[in-house]
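Colleague: I am new to this structure and would like to go through its charged side chains. Could we take them by question and answer?

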Amino acid sequence: MLGIGIVGLPNVGKSTLFNAITKAGVEAANYPFATIDKNVGVVAVPDARLDALQALYIKGERVPPIVPTSVEFVDIAGLVKGASRGEGLGNQFLANIREVAAIAHVVRCFDDPNVVHVAGEVAPTSDIETIRTELALADIATLEKRIEKLRRSAKGNADDAAVLAQAEAALDGLEQGVPVRASGHDLPPDFNLLTAKPVIYVCNVSEDALPGGNAYVEEVRALAAEEGSDVVVISARIEEELTELAADEARAFLADMGLSEPGLDRLVEVGYRTLGLITFLTAGEKEVRAWTVRRGARAPEAAGVIHTDFQHGFIRAEVIGWERLVEAGSIAVARSRGWLRTEGKDYVVEDGDVMHFLFNV
(Lines give C-alpha, C1' and ligand atoms only; values in the text may rest on other atoms or scores of the structure.)
Protein backbone atom coordinates (compact mmCIF):
# COMPACT_ATOMS: atom_id res chain seq x y z
CA MET A 1 0.00 0.00 0.00
CA LEU A 2 2.37 2.70 -1.26
CA GLY A 3 0.03 4.76 -3.42
CA ILE A 4 -0.72 8.46 -2.98
CA GLY A 5 -4.41 9.30 -3.13
CA ILE A 6 -5.36 12.54 -4.89
CA VAL A 7 -8.31 14.01 -2.99
CA GLY A 8 -10.21 17.26 -2.93
CA LEU A 9 -13.63 18.82 -3.14
CA PRO A 10 -15.34 18.74 -6.55
CA ASN A 11 -14.00 21.22 -9.13
CA VAL A 12 -10.68 21.98 -7.46
CA GLY A 13 -8.70 20.60 -10.41
CA LYS A 14 -7.67 17.21 -9.05
CA SER A 15 -8.78 15.23 -12.11
CA THR A 16 -6.99 17.72 -14.39
CA LEU A 17 -3.90 17.20 -12.23
CA PHE A 18 -4.24 13.43 -12.40
CA ASN A 19 -4.59 13.55 -16.17
CA ALA A 20 -1.43 15.63 -16.38
CA ILE A 21 0.44 13.31 -14.02
CA THR A 22 -0.35 10.26 -16.13
CA LYS A 23 -0.02 12.17 -19.42
CA ALA A 24 -3.59 11.21 -20.16
CA GLY A 25 -4.20 14.58 -21.77
CA VAL A 26 -7.94 14.44 -21.10
CA GLU A 27 -9.62 17.62 -19.92
CA ALA A 28 -11.57 17.09 -16.70
CA ALA A 29 -15.30 17.75 -16.94
CA ASN A 30 -16.44 20.91 -15.18
CA TYR A 31 -18.98 19.44 -12.81
CA PRO A 32 -18.93 17.65 -9.44
CA PHE A 33 -18.06 13.94 -9.45
CA ALA A 34 -16.32 14.01 -12.82
CA THR A 35 -14.37 11.08 -11.39
CA ILE A 36 -16.72 8.24 -10.44
CA ASP A 37 -14.37 5.28 -10.23
CA LYS A 38 -10.90 5.52 -8.80
CA ASN A 39 -8.14 5.66 -11.39
CA VAL A 40 -4.56 4.62 -10.85
CA GLY A 41 -1.48 5.92 -12.63
CA VAL A 42 2.16 5.00 -12.18
CA VAL A 43 4.50 7.97 -12.55
CA ALA A 44 8.26 7.99 -13.09
CA VAL A 45 10.29 9.77 -10.41
CA PRO A 46 12.58 12.39 -12.03
CA ASP A 47 16.20 11.55 -11.22
CA ALA A 48 19.11 13.38 -12.86
CA ARG A 49 21.54 10.91 -11.24
CA LEU A 50 20.49 8.32 -13.81
CA ASP A 51 21.61 10.57 -16.67
CA ALA A 52 24.96 11.20 -14.99
CA LEU A 53 25.56 7.48 -14.51
CA GLN A 54 24.39 6.61 -18.01
CA ALA A 55 27.12 8.84 -19.46
CA LEU A 56 29.77 6.63 -17.82
CA TYR A 57 28.66 3.54 -19.67
CA ILE A 58 28.13 4.84 -23.20
CA LYS A 59 30.23 2.78 -25.61
CA GLY A 60 30.23 4.33 -29.06
CA GLU A 61 26.66 4.26 -30.29
CA ARG A 62 25.63 1.87 -27.56
CA VAL A 63 23.76 3.77 -24.85
CA PRO A 64 22.47 1.80 -21.86
CA PRO A 65 18.77 2.38 -21.24
CA ILE A 66 17.60 4.23 -18.14
CA VAL A 67 14.90 2.73 -15.89
CA PRO A 68 13.60 5.18 -13.26
CA THR A 69 11.71 4.25 -10.15
CA SER A 70 8.06 5.25 -9.82
CA VAL A 71 5.21 6.42 -7.59
CA GLU A 72 1.58 5.33 -7.80
CA PHE A 73 -1.06 8.06 -7.77
CA VAL A 74 -4.75 7.26 -7.25
CA ASP A 75 -7.46 9.69 -8.39
CA ILE A 76 -10.22 9.40 -5.81
CA ALA A 77 -13.83 10.48 -6.25
CA GLY A 78 -14.70 14.02 -5.12
CA LEU A 79 -15.83 14.45 -1.54
CA VAL A 80 -18.64 16.59 -0.11
CA LYS A 81 -19.75 17.42 3.42
CA GLY A 82 -21.43 14.36 4.95
CA ALA A 83 -19.13 11.80 3.33
CA SER A 84 -18.44 10.17 6.71
CA ARG A 85 -22.17 9.35 6.83
CA GLY A 86 -22.13 7.95 3.31
CA GLU A 87 -23.49 11.02 1.54
CA GLY A 88 -22.50 11.66 -2.07
CA LEU A 89 -19.79 9.14 -2.89
CA GLY A 90 -18.62 9.15 0.73
CA ASN A 91 -18.38 5.42 1.33
CA GLN A 92 -16.32 4.90 -1.84
CA PHE A 93 -14.15 7.93 -1.05
CA LEU A 94 -13.30 6.68 2.44
CA ALA A 95 -12.66 3.12 1.25
CA ASN A 96 -10.31 4.35 -1.47
CA ILE A 97 -8.35 6.49 1.00
CA ARG A 98 -7.87 3.50 3.29
CA GLU A 99 -6.04 1.77 0.41
CA VAL A 100 -3.34 4.45 -0.01
CA ALA A 101 -0.32 5.30 2.13
CA ALA A 102 -0.42 9.09 1.76
CA ILE A 103 -2.76 11.84 0.61
CA ALA A 104 -2.23 14.61 -1.94
CA HIS A 105 -4.94 17.10 -0.98
CA VAL A 106 -5.64 19.39 -3.94
CA VAL A 107 -6.86 22.80 -2.79
CA ARG A 108 -8.41 25.36 -5.09
CA CYS A 109 -6.33 28.55 -4.89
CA PHE A 110 -7.57 30.33 -8.02
CA ASP A 111 -10.53 32.51 -8.96
CA ASP A 112 -12.51 31.62 -12.09
CA PRO A 113 -16.18 32.53 -12.51
CA ASN A 114 -16.50 29.82 -15.18
CA VAL A 115 -15.60 27.05 -12.74
CA VAL A 116 -18.27 26.60 -10.11
CA HIS A 117 -17.11 26.14 -6.52
CA VAL A 118 -19.13 23.54 -4.65
CA ALA A 119 -19.51 25.90 -1.65
CA GLY A 120 -20.11 29.05 -3.71
CA GLU A 121 -16.79 30.80 -2.95
CA VAL A 122 -13.06 30.13 -3.02
CA ALA A 123 -11.99 29.53 0.59
CA PRO A 124 -8.95 27.21 0.93
CA THR A 125 -9.02 26.95 4.73
CA SER A 126 -12.71 26.08 4.74
CA ASP A 127 -12.20 23.53 1.96
CA ILE A 128 -9.40 21.84 3.88
CA GLU A 129 -11.45 21.77 7.05
CA THR A 130 -14.35 20.13 5.21
CA ILE A 131 -12.21 17.17 4.22
CA ARG A 132 -10.34 17.13 7.53
CA THR A 133 -13.65 16.96 9.37
CA GLU A 134 -15.01 14.09 7.28
CA LEU A 135 -11.81 12.08 7.73
CA ALA A 136 -11.78 12.85 11.46
CA LEU A 137 -15.42 11.76 11.86
CA ALA A 138 -14.63 8.47 10.12
CA ASP A 139 -11.61 7.96 12.42
CA ILE A 140 -13.65 8.80 15.51
CA ALA A 141 -16.13 6.08 14.58
CA THR A 142 -13.26 3.62 14.02
CA LEU A 143 -11.60 4.47 17.33
CA GLU A 144 -14.79 4.29 19.35
CA LYS A 145 -15.37 0.72 18.14
CA ARG A 146 -11.77 -0.32 18.80
CA ILE A 147 -11.70 1.33 22.23
CA GLU A 148 -14.85 -0.54 23.25
CA LYS A 149 -13.15 -3.85 22.44
CA LEU A 150 -9.83 -2.82 23.99
CA ARG A 151 -11.46 -1.90 27.29
CA ARG A 152 -12.54 -5.53 27.60
CA SER A 153 -9.29 -7.11 26.42
CA ALA A 154 -6.97 -4.70 28.29
CA LYS A 155 -7.86 -6.14 31.69
CA GLY A 156 -4.83 -8.18 32.59
CA ASN A 157 -3.17 -7.57 29.20
CA ALA A 158 -0.42 -4.97 29.38
CA ASP A 159 0.01 -4.69 25.59
CA ASP A 160 -3.68 -4.02 25.00
CA ALA A 161 -3.71 -1.59 27.92
CA ALA A 162 -0.90 0.41 26.29
CA VAL A 163 -2.73 0.47 22.94
CA LEU A 164 -5.93 1.52 24.72
CA ALA A 165 -4.17 4.51 26.28
CA GLN A 166 -2.86 5.62 22.89
CA ALA A 167 -6.25 5.12 21.24
CA GLU A 168 -8.06 7.15 23.90
CA ALA A 169 -5.52 9.95 23.59
CA ALA A 170 -5.84 9.94 19.79
CA LEU A 171 -9.62 10.07 20.07
CA ASP A 172 -9.39 13.00 22.46
CA GLY A 173 -7.13 14.81 20.00
CA LEU A 174 -9.50 14.20 17.09
CA GLU A 175 -12.42 15.57 19.08
CA GLN A 176 -10.34 18.73 19.57
CA GLY A 177 -9.57 18.95 15.85
CA VAL A 178 -6.05 17.46 15.91
CA PRO A 179 -5.41 14.83 13.19
CA VAL A 180 -3.65 11.69 14.39
CA ARG A 181 -0.55 12.44 12.26
CA ALA A 182 -0.06 15.67 14.24
CA SER A 183 -0.87 14.26 17.68
CA GLY A 184 2.19 12.06 18.14
CA HIS A 185 0.18 9.03 19.25
CA ASP A 186 1.53 5.68 18.05
CA LEU A 187 -1.18 3.22 17.05
CA PRO A 188 -0.79 -0.17 15.34
CA PRO A 189 -0.97 -0.10 11.51
CA ASP A 190 -4.12 -2.24 11.49
CA PHE A 191 -6.08 0.74 12.85
CA ASN A 192 -5.53 2.27 9.38
CA LEU A 193 -6.69 5.70 10.51
CA LEU A 194 -7.30 8.19 7.74
CA THR A 195 -5.95 11.21 9.61
CA ALA A 196 -2.76 9.31 10.46
CA LYS A 197 -1.74 9.28 6.80
CA PRO A 198 0.78 11.95 5.78
CA VAL A 199 -0.63 14.78 3.66
CA ILE A 200 0.80 16.93 0.88
CA TYR A 201 -1.24 20.06 0.23
CA VAL A 202 -1.29 20.77 -3.50
CA CYS A 203 -2.25 24.39 -4.16
CA ASN A 204 -3.80 24.61 -7.62
CA VAL A 205 -3.24 28.18 -8.81
CA SER A 206 -3.72 30.16 -12.01
CA GLU A 207 -0.76 30.84 -14.29
CA ASP A 208 -0.20 34.36 -12.98
CA ALA A 209 0.34 33.02 -9.42
CA LEU A 210 3.32 30.86 -10.40
CA PRO A 211 5.79 30.06 -9.01
CA GLY A 212 5.41 31.51 -5.51
CA GLY A 213 1.66 31.43 -5.03
CA ASN A 214 -0.86 34.00 -3.81
CA ALA A 215 -2.85 34.94 -0.71
CA TYR A 216 -4.82 31.70 -0.91
CA VAL A 217 -1.57 29.71 -0.92
CA GLU A 218 -0.36 31.58 2.17
CA GLU A 219 -3.50 30.42 3.99
CA VAL A 220 -2.68 26.83 3.12
CA ARG A 221 0.99 27.19 4.09
CA ALA A 222 0.03 28.49 7.52
CA LEU A 223 -2.35 25.61 8.11
CA ALA A 224 0.13 23.01 6.79
CA ALA A 225 2.90 24.34 9.03
CA GLU A 226 0.82 23.50 12.09
CA GLU A 227 1.03 19.79 11.30
CA GLY A 228 4.39 19.71 9.50
CA SER A 229 2.95 18.92 6.08
CA ASP A 230 4.51 19.87 2.73
CA VAL A 231 2.91 22.34 0.30
CA VAL A 232 3.39 22.18 -3.47
CA VAL A 233 2.24 25.07 -5.67
CA ILE A 234 1.11 24.00 -9.11
CA SER A 235 -1.14 25.00 -11.98
CA ALA A 236 -2.91 21.83 -13.07
CA ARG A 237 -3.99 23.41 -16.35
CA ILE A 238 -0.44 24.50 -17.21
CA GLU A 239 0.89 21.04 -16.31
CA GLU A 240 -1.66 19.45 -18.59
CA GLU A 241 -0.59 21.75 -21.42
CA LEU A 242 3.07 20.86 -20.82
CA THR A 243 2.37 17.15 -21.30
CA GLU A 244 1.13 17.89 -24.82
CA LEU A 245 4.39 19.60 -25.85
CA ALA A 246 7.63 18.10 -27.14
CA ALA A 247 10.48 18.13 -24.61
CA ASP A 248 12.27 21.15 -26.14
CA GLU A 249 9.01 23.09 -26.46
CA ALA A 250 8.14 22.31 -22.84
CA ARG A 251 11.54 23.57 -21.65
CA ALA A 252 11.09 26.81 -23.61
CA PHE A 253 7.56 27.23 -22.24
CA LEU A 254 8.82 26.80 -18.68
CA ALA A 255 11.69 29.22 -19.26
CA ASP A 256 9.26 31.86 -20.56
CA MET A 257 7.32 31.52 -17.32
CA GLY A 258 10.47 31.74 -15.21
CA LEU A 259 10.21 28.13 -14.03
CA SER A 260 13.12 25.70 -13.77
CA GLU A 261 11.04 22.51 -13.72
CA PRO A 262 7.44 21.34 -14.08
CA GLY A 263 5.35 21.47 -10.93
CA LEU A 264 4.59 17.79 -11.44
CA ASP A 265 8.26 16.96 -10.93
CA ARG A 266 8.17 18.67 -7.54
CA LEU A 267 4.95 16.89 -6.59
CA VAL A 268 6.35 13.47 -7.52
CA GLU A 269 9.59 14.13 -5.64
CA VAL A 270 7.76 15.36 -2.52
CA GLY A 271 5.36 12.42 -2.76
CA TYR A 272 8.23 9.94 -2.93
CA ARG A 273 9.83 11.48 0.16
CA THR A 274 6.50 11.63 1.99
CA LEU A 275 6.09 7.89 1.50
CA GLY A 276 9.38 7.40 3.34
CA LEU A 277 11.14 6.02 0.26
CA ILE A 278 14.71 6.33 -0.96
CA THR A 279 16.48 5.23 -4.14
CA PHE A 280 19.50 3.04 -4.66
CA LEU A 281 21.01 2.55 -8.10
CA THR A 282 22.55 -0.14 -10.25
CA ALA A 283 24.64 0.78 -13.27
CA GLY A 284 26.38 -0.99 -16.11
CA GLU A 285 26.67 -1.23 -19.89
CA LYS A 286 23.35 -3.07 -20.14
CA GLU A 287 21.20 -0.79 -17.96
CA VAL A 288 21.20 2.11 -15.49
CA ARG A 289 18.34 1.65 -13.05
CA ALA A 290 16.78 3.17 -9.95
CA TRP A 291 15.28 0.92 -7.26
CA THR A 292 13.01 1.81 -4.37
CA VAL A 293 13.38 0.83 -0.71
CA ARG A 294 11.98 2.23 2.49
CA ARG A 295 14.25 4.60 4.38
CA GLY A 296 16.17 2.53 6.93
CA ALA A 297 16.30 -0.63 4.79
CA ARG A 298 19.38 -2.82 5.12
CA ALA A 299 21.46 -4.21 2.28
CA PRO A 300 19.80 -7.68 2.06
CA GLU A 301 16.36 -6.05 1.77
CA ALA A 302 17.63 -3.87 -1.07
CA ALA A 303 19.03 -6.95 -2.77
CA GLY A 304 15.64 -8.59 -2.46
CA VAL A 305 14.02 -5.74 -4.38
CA ILE A 306 16.01 -6.86 -7.42
CA HIS A 307 15.42 -10.59 -6.89
CA THR A 308 14.46 -12.71 -3.89
CA ASP A 309 17.46 -15.00 -4.58
CA PHE A 310 19.76 -12.02 -4.01
CA GLN A 311 18.29 -11.55 -0.53
CA HIS A 312 18.21 -15.22 0.47
CA GLY A 313 21.77 -15.82 -0.64
CA PHE A 314 23.17 -12.40 0.29
CA ILE A 315 26.91 -12.40 1.01
CA ARG A 316 27.93 -8.76 0.78
CA ALA A 317 27.41 -5.61 -1.26
CA GLU A 318 29.86 -3.36 -3.05
CA VAL A 319 28.74 0.23 -2.49
CA ILE A 320 29.72 3.69 -3.68
CA GLY A 321 27.89 7.00 -3.59
CA TRP A 322 26.78 8.03 -7.09
CA GLU A 323 28.70 11.33 -6.95
CA ARG A 324 31.95 9.53 -6.09
CA LEU A 325 31.39 7.12 -8.98
CA VAL A 326 30.79 9.98 -11.43
CA GLU A 327 33.90 11.72 -10.12
CA ALA A 328 35.97 8.56 -10.59
CA GLY A 329 34.59 7.98 -14.09
CA SER A 330 34.43 4.21 -13.70
CA ILE A 331 34.13 1.44 -11.14
CA ALA A 332 37.72 0.37 -11.88
CA VAL A 333 39.11 3.81 -11.00
CA ALA A 334 36.86 4.04 -7.93
CA ARG A 335 38.15 0.66 -6.77
CA SER A 336 41.76 1.71 -7.30
CA ARG A 337 41.17 4.82 -5.19
CA GLY A 338 39.61 2.80 -2.39
CA TRP A 339 36.23 4.49 -2.85
CA LEU A 340 34.31 1.25 -3.42
CA ARG A 341 33.23 -0.08 -0.04
CA THR A 342 32.31 -3.62 0.98
CA GLU A 343 29.25 -3.72 3.23
CA GLY A 344 27.57 -6.59 5.08
CA LYS A 345 24.05 -7.52 6.18
CA ASP A 346 23.72 -4.71 8.71
CA TYR A 347 24.50 -1.91 6.27
CA VAL A 348 21.68 0.68 6.10
CA VAL A 349 21.17 1.79 2.51
CA GLU A 350 21.59 5.50 1.78
CA ASP A 351 19.78 7.44 -0.91
CA GLY A 352 21.94 7.56 -4.04
CA ASP A 353 24.03 4.47 -3.26
CA VAL A 354 25.22 2.60 -6.34
CA MET A 355 25.19 -1.06 -5.31
CA HIS A 356 26.42 -4.39 -6.64
CA PHE A 357 25.34 -7.50 -4.73
CA LEU A 358 27.29 -10.70 -4.27
CA PHE A 359 25.15 -13.69 -3.40
CA ASN A 360 25.16 -17.47 -3.32
CA VAL A 361 22.06 -19.43 -4.36
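**Charged side chains**

Modeller: Glu 129 has a relative accessible area of 33%, so Glu 129 is partly exposed. Keep in mind that this is a predicted model.

Colleague: Is Arg 132 buried or exposed?

Modeller: The cut-off for buried is under 20% relative accessible area. Arg 132 has 15%, so Arg 132 is buried.

Colleague: Which residue forms a salt bridge with Arg 132?

Modeller: Arg 132 and a residue three apart from it both lie in helix α4 (residues 124-153), which means about one helical turn separates the two. In the salt bridge the closest N and O atoms are 3.2 Å apart, and the partner of Arg 132 is Glu 129.

Colleague: How many residues apart in sequence are the parts that Glu 227 and Arg 181 tie together?

Modeller: Glu 227 and Arg 181 form a salt bridge, with 2.9 Å between the closest N and O atoms. Glu 227 belongs to helix α7 (residues 215-227) and Arg 181 to helix α6 (residues 180-183), so the parts tied together are 46 residues apart in sequence.

Colleague: Is Glu 244 buried or exposed?

Modeller: Glu 244 sits in the loop between α8 (236-243) and α9 (247-256). With Glu 207, Asp 208 and Glu 241, Glu 244 gathers in a surface patch of negative charge. Exposed means over 50% relative accessible area. Glu 244 has 56% relative accessibility, so Glu 244 counts as exposed.

Key
Residues numbered from 1 in each chain as written. Predicted model: local features only at pLDDT ≥ 70, side-chain atom pairs only at ≥ 80, totals over all residues. Heavy atoms only, no water. Patch = residues over 30% accessible without salt bridge, like charges linked within 9 Å, V, L, I, M, F, W, Y side chains within 5 Å. Areas by Shrake-Rupley, 256 points an atom, 1.4 Å probe, with all protein chains shown as cover. Salt bridge = Lys/Arg side-chain N within 4 Å of Asp/Glu carboxyl O. Lys, Arg positive; Asp, Glu negative; His and termini not counted. Charge placed at Lys NZ, Arg CZ, Asp CG, Glu CD. Helix = DSSP H or I, 4+ residues; strand = E, 2+ residues; numbered from the N terminus. Buried < 20%, exposed > 50% of the residue type's maximum accessible area, 1.4 Å probe, protein only.
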